[in-house]
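Student: I have a new structure to look at. Can we work through it together, one question at a time?
Tutor: Yes. Take a look at it.

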Amino acid sequence: MRFGLLGAGRIGQIHGHNVAGMSGISLAAVTDAVPDAAQKLAAETGAAVMPVASIMNDRTIDAVLICTPTDTHADLIEQAMDAGKAVFCEKPVDLSSERIVACLNHISKANKPLMIGFNRRFDPNFAALKHRLDAGQAGNIELVSIISRDPNPPPVEYVQRSGGLFRDMMIHDLDMARFLTGEDMVEVHAVGSSLVNPEIGKAGDVDTAAVMLKTAGGVLVQISNSRRATYGYDQRIEVHGSLGMLRAGNQHESTVEFAGTQGFLADPVQNFFLERYANAYRLELEAFVAAVKGGKQPSPSGMDGLKAQQLADAATHSAQTGQMVRL
Ligand SMILES: NC(=O)c1ccc[n+]([C@@H]2O[C@H](COP(=O)([O-])OP(=O)(O)OC[C@H]3O[C@@H](n4cnc5c(N)ncnc54)[C@H](O)[C@@H]3O)[C@@H](O)[C@H]2O)c1
C-alpha cells in the first residue's frame, strides 16, 4: 500500500513517520500549503513532495491521510474518494454536521474505506478496558466517568477558529462514550464556564465543561473537561457496573517514585497528546491498513464521526441555553 499525506503539521508529522516506519507500506508523497513543511517531512521519510491534485491523480497511491486543518477535511475526503483512494481522515470530519452528512452522501457510491482519527479507541489501556467490559468483567454498565484535561489552554486565536470546546476537544470523549457503552446517547446536558482564561470567555467559548449523557439503555456517562491541568495531560476512564468497576489511569513519564517523610512523590503524567497517545496513533494506522488490506470498512467510520459531531452540537446547544437536549 502506498500512502499520500496531506498536511505536514503537528499530527501529519506523527502519522507520516508512523507510515514510513511500518513494514509492507510506504509513504509515497507528502503535500503541505507551506512548502518547507512538506519538504522537511519528505526528507525525513523518503517521500516525494507533490501537489494535492497530483497525489489524487497518481494511480499508484492507494490511500490518503488527511491531516490538514478541519475546514478542508470534507472537500479532501470527497476528492480522494472520487479518485478511488482509501481515506484516513483526522477528526473532526467538519465542524458542521450538515456538511458531514453531505460528505457521507457524496462518498456513499464510491464505497471506499474511510476511517476517522478517534485515536483514543486505540490507546492500549483504554482498549484493554473496553475488551474487559465486552468480556463482562464489570457486568452491566451503569455509570461511566471520562476525565480529559489539557495541560495548558490553546492561544485565543486557535479557540476562535476551533468551533468551541465541545466540538474541538470534547468530541474525543463523546466518541469514547459511544465506544465504551456500545450505545447511542439519547440525552445531553452540558454546562460550561470560563475559569482558566477570561479571554476564552470573551471569545464566546468555555474552558471548563461538564456533560451528562444518557444512553438509550439508561447508562449514565459523565465527561469532565478542562483546558488546564497543572500536573499534565489528565486522561482517565472509570466504568462502574453491576459486578464491579474498571478504570484506566494516567501514564507517567516514568514509574519511579520517591518516598520520604512527606509521603510518595511520582513523576508527572505525560505532558500532552503527542506523548500520551504515541502508541494509539501507531495502532490506529495499523488497524486502518489491516482493514483496507482485508477488504473491510475500518472503524471508527464516517458515521462515527457524524454521531460524535451531533453530540458535540447538542452539548454546545445545551451549555448555551441551559436546556437538556433529547436526541
Ligand atoms: N487525533 C488527534 O489527537 C489530533 C491531534 C491534533 C490535531 N488533530 C486534527 O488534525 C488536524 C490538523 O491539526 P494540526 O494540529 O496538525 O494542525 P497544524 O496547523 O499543525 O497542521 C496543519 C498543516 O496543514 C497545512 N495545510 C493547511 N491547508 C492545507 C491544504 N489545503 N493542503 C495541504 N496542506 C494544508 C498547514 O500548512 C499545516 O502544516 C485538525 O483537524 C485537528 O483537529 C487531531
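Tutor: Two residues are in contact if their C-beta atoms, placed from the backbone, lie within 7 Å. Keep in mind that this model is predicted.

Student: Then what covers the buried residues of α5?
Tutor: Start with the buried residues of α5, which are Ser97, Ile100 and Cys103. Their cover includes two helices, α4 and α13 (302-321).

Student: Why do the buried residues of α5 line one face of the helix?
Tutor: Look down the axis of α5. Its buried residues fall within an arc of 115°, so they line one face. The face turned away from that buried side carries the exposed residues Glu98 and Asn105. The reason, then, is the arc of 115°.

Student: Which residues of helix α4 are buried?
Tutor: Helix α4 spans residues 73-82. Seen down its axis, the buried residues fall within an arc of 165°, so they line one face of the helix. They are His73, Ala74, Leu76, Ile77, Ala80 and Met81.

Student: And what covers the buried residues of α4?
Tutor: Both helices and strands take part. The helices include α3 (52-57) and α5 (97-107). The strands include β1 (2-6), β4 (63-66), β5 (86-89) and β6 (114-116).

Student: Which residue with a positive phi follows α4?
Tutor: Go past the end of helix α4, residues 73-82. There a glycine has a phi near 85°. That residue is Gly84.

Student: Which element gives the most to the largest nonpolar core?
Tutor: In soluble globular proteins, nonpolar side chains tend to be buried together. Here the largest nonpolar core has 42 residues, and those with the most contacts inside it are Phe3, Val30, Leu65, Ile66, Ile77 and Val87. The element that gives the most, with 5 residues, is α4.

Student: Which residues is Ile66 in contact with, leaving aside neighbours within four places in sequence?
Tutor: Ile66 is among the residues with the most contacts inside the largest core. Its partners include two residues that are buried in α4, Leu76 and Ile77. The full list is Leu6, Gly7, His73, Leu76, Ile77, Val87, Cys89 and Glu90.

Student: How many residues of domain 2 are in contact with domain 1?
Tutor: The chain is divided into domain 1 (2-112) and domain 2 (120-326). Their centres, taken over C-alpha atoms, are separated by 25 Å. Domain 1 brings 17 residues to the contact, and domain 2 brings 18.

Student: Which elements give two or more residues to the side of domain 1 that touches domain 2?
Tutor: By class, that side has 13 nonpolar, 3 polar and 1 charged residues. The elements that give two or more are α1, β5 and α5.

Student: Is Ile223 buried or exposed?
Tutor: Find Ile223 in strand β10, residues 220-226. It touches Ile146, Met170, Asp173, Ala177, Ala210 and Val211, not counting residues up to four places away in sequence. The cut-off for a buried residue is 20 or more other C-beta atoms within 10 Å. Ile223 has 24 such neighbours, so it counts as buried.

Student: Which helix gives the largest share of the shell around the ligand?
Tutor: The ligand is surrounded by 23 residues, and the closest are Gly7, Gly9, Arg10, Ala33 and Glu90. By class, the shell has 10 nonpolar, 9 polar and 4 charged residues. The largest share, 3 residues, comes from helix α1.

How values were computed. Residues numbered from 1 in each chain as written. Predicted model: local features only at pLDDT ≥ 70, side-chain atom pairs only at ≥ 80, totals over all residues. Near = placed C-beta within 6 Å. Helix = DSSP H or I, 4+ residues; strand = E, 2+ residues; numbered from the N terminus. Nonpolar A, V, L, I, M, F, W, Y, C, P; charged D, E, K, R; others polar. Buried ≥ 20, exposed ≤ 12 C-beta atoms within 10 Å, placed from the backbone. Arc of directions from axis to C-beta. Core = buried A, V, L, I, M, F, W, Y, C linked by C-beta atoms within 7 Å. Domains from an automatic or database assignment.
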